[in-house]
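Reader: I'd love a close look at one histidine and what surrounds it in the model. Could you start there and then walk me outward through the rest of the fold?

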Amino acid sequence: DPRLSTSDIWIADLDRNVATRLTSSPRSEMSPRLSPDGRRVVFGGDWEGPPNLYLADVDGGEPRVLVPFDRTQHDVGGWTPDGQQVVYTKRNDTYGQDIWVVNVSTGARQPVLASQFDEDSPAVSPNGRWLAYASNASGRREVYVRELPKSTWQIRISLDGGTDPVWGADGQELLYYRPDGVIMAVPIT
């Protein structure tokens, strides 16, 4: 809504060229991510203050809080391939952001990567084994990959800075932005 500077989430049926409103609150909803089975959407919303995570069925109904509101900013990362968990970032007032995971059924949450560095843009590989993310651990923002759910092992993927990693559909390629805006593609074996 340009008059209020707020946004809502819509579901588009591309075959029929029809869009249906999923949310309609006076606040903003952002960063929707469709579940692997296409039945649910996780999204961020600033309904109670800093953005938090919400879950809705694509068929409609009232969205529910996925992560209890704690006055900490939470941003959507994405789903695990089995549709059981959502990775997200949680603001850490000291260092920036940490990467967490929440079980969609139980609401159980746990940190995946909480360090003295700022980590963001989590992306789970199509096989669910790897997590790509951006971190300033080297002194500038770079893209890394580590094993899920937790691991101390990691490898830096980008050479000269990188942000916003995205896995190719088959998991054999990782894409990210260089600081100059060029999209890089790295083969993953």
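Does His74 count as buried or exposed, and what is its relative accessibility?

Author: Happy to! Please keep in mind that this is a predicted model. His74 counts as buried because its relative accessibility is 1%, and the cut-off for that label is under 20%. The residue is found in strand β7. Its side chain makes a polar contact with the side chain of Asn52, at 3.0 Å.

From Asn52 we can step into a sheet, since strand β5 is made of residues 52-57. Four strands form this open sheet in the order β3-β4-β5-β6, and their pairing is antiparallel. At its edges are β3 and β6 (64-65), each of which pairs on one side only. Strands β5 and β6 run antiparallel and are joined by two bridges. Within that pair, Tyr54 stands opposite Val65 in β6. As a general point, strands of a sheet pair through backbone hydrogen bonds, either parallel or antiparallel.

Now back to the strand that holds your histidine, because it leads us to a pocket. The largest pocket has a volume of about 490 Å³. It is lined by 25 residues, and those closest to its centre are Gly77, Gly78, Pro122, Ala123 and Val124. Strand β7 (74-79) is among the elements that give two or more residues to this lining, together with β3 (29-34), β8 (85-92), β11 and β15. By class, the lining divides into 14 nonpolar, seven polar and four charged residues.

A second pocket is worth a look too. The second largest pocket holds about 210 Å³ of space. Of its 14 lining residues, Trp130, Trp167, Gly171, Ile188 and Thr189 are the closest to its centre. This lining has eight nonpolar residues, five polar ones and one charged one.

Strand β11 brings us from the pocket lining to the charged pairs. In general, side chains of opposite charge can pair when their charged atoms come close. The structure holds 10 salt bridges. In one of them, the side chains of Asp118 and Arg141 meet at 2.7 Å, N to O. Asp118 sits in the loop between β10 (109-113) and β11 (119-124), while Arg141 sits in the loop between β12 (130-135) and β13 (142-147), so this bridge links distant parts of the chain, 23 residues apart. With a relative accessible area of 13%, Asp118 is buried, whereas Arg141 is partly exposed at 23%.

Arg141 also forms a salt bridge with Asp120, where the closest N and O atoms are 3.7 Å apart. Asp120 belongs to strand β11 and Arg141 to the loop between β12 and β13, so this pair ties together parts that are 21 residues apart in sequence. Asp120 counts as buried, with 15% relative accessibility.

The residue just before Arg141 has a partner of its own: Arg140 forms a salt bridge with Asp160, with 3.8 Å between the closest N and O atoms. Again the pair links distant parts of the chain, 20 residues apart, with Asp160 in the loop between β14 (154-156) and β15 (163-167) and Arg140 in the loop between β12 and β13. Asp160 counts as exposed at 52% relative accessibility, and Arg140 as partly exposed at 42%. Through shared partners, salt bridges join Asp118, Asp120 and Arg141 into one network.

Let's add a residue from β10, the strand on one side of the Asp118 loop. Val112 lies in this strand and is buried, with a relative accessible area of 6%. Its C-alpha is 5.5 Å from that of Ile99, although the two residues are 13 residues apart in sequence.

We can finish our walk at a hairpin. Strands β16 (residues 173-177) and β17 (residues 183-187) pair in the antiparallel sense over five bridges. Glu173 has Pro187 in β17 as its bridge partner. Five residues lie between the two strands of this hairpin, and Gly181 takes a positive phi near 90° there.

To return to your question, His74 is buried at 1% relative accessibility, and its side chain is in polar contact with that of Asn52.

Note on methods
Residues numbered from 1 in each chain as written. Predicted model: local features only at pLDDT ≥ 70, side-chain atom pairs only at ≥ 80, totals over all residues. Heavy atoms only, no water. Salt bridge = Lys/Arg side-chain N within 4 Å of Asp/Glu carboxyl O. Buried < 20%, exposed > 50% of the residue type's maximum accessible area, 1.4 Å probe, protein only. 1 Å grid on protein atoms, 1.4 Å probe; cavity = no way out; pocket = protein on both sides within 12 Å on 5 of 7 lines; lining within 4 Å. Points joined across faces, edges and corners; volume = space filled by probe spheres on them. Nonpolar A, V, L, I, M, F, W, Y, C, P; charged D, E, K, R; others polar. Pairing = 2+ DSSP bridges. Polar contact = N/O pair within 3.5 Å; in protein donor to acceptor, adjacent residues only side chain to side chain.
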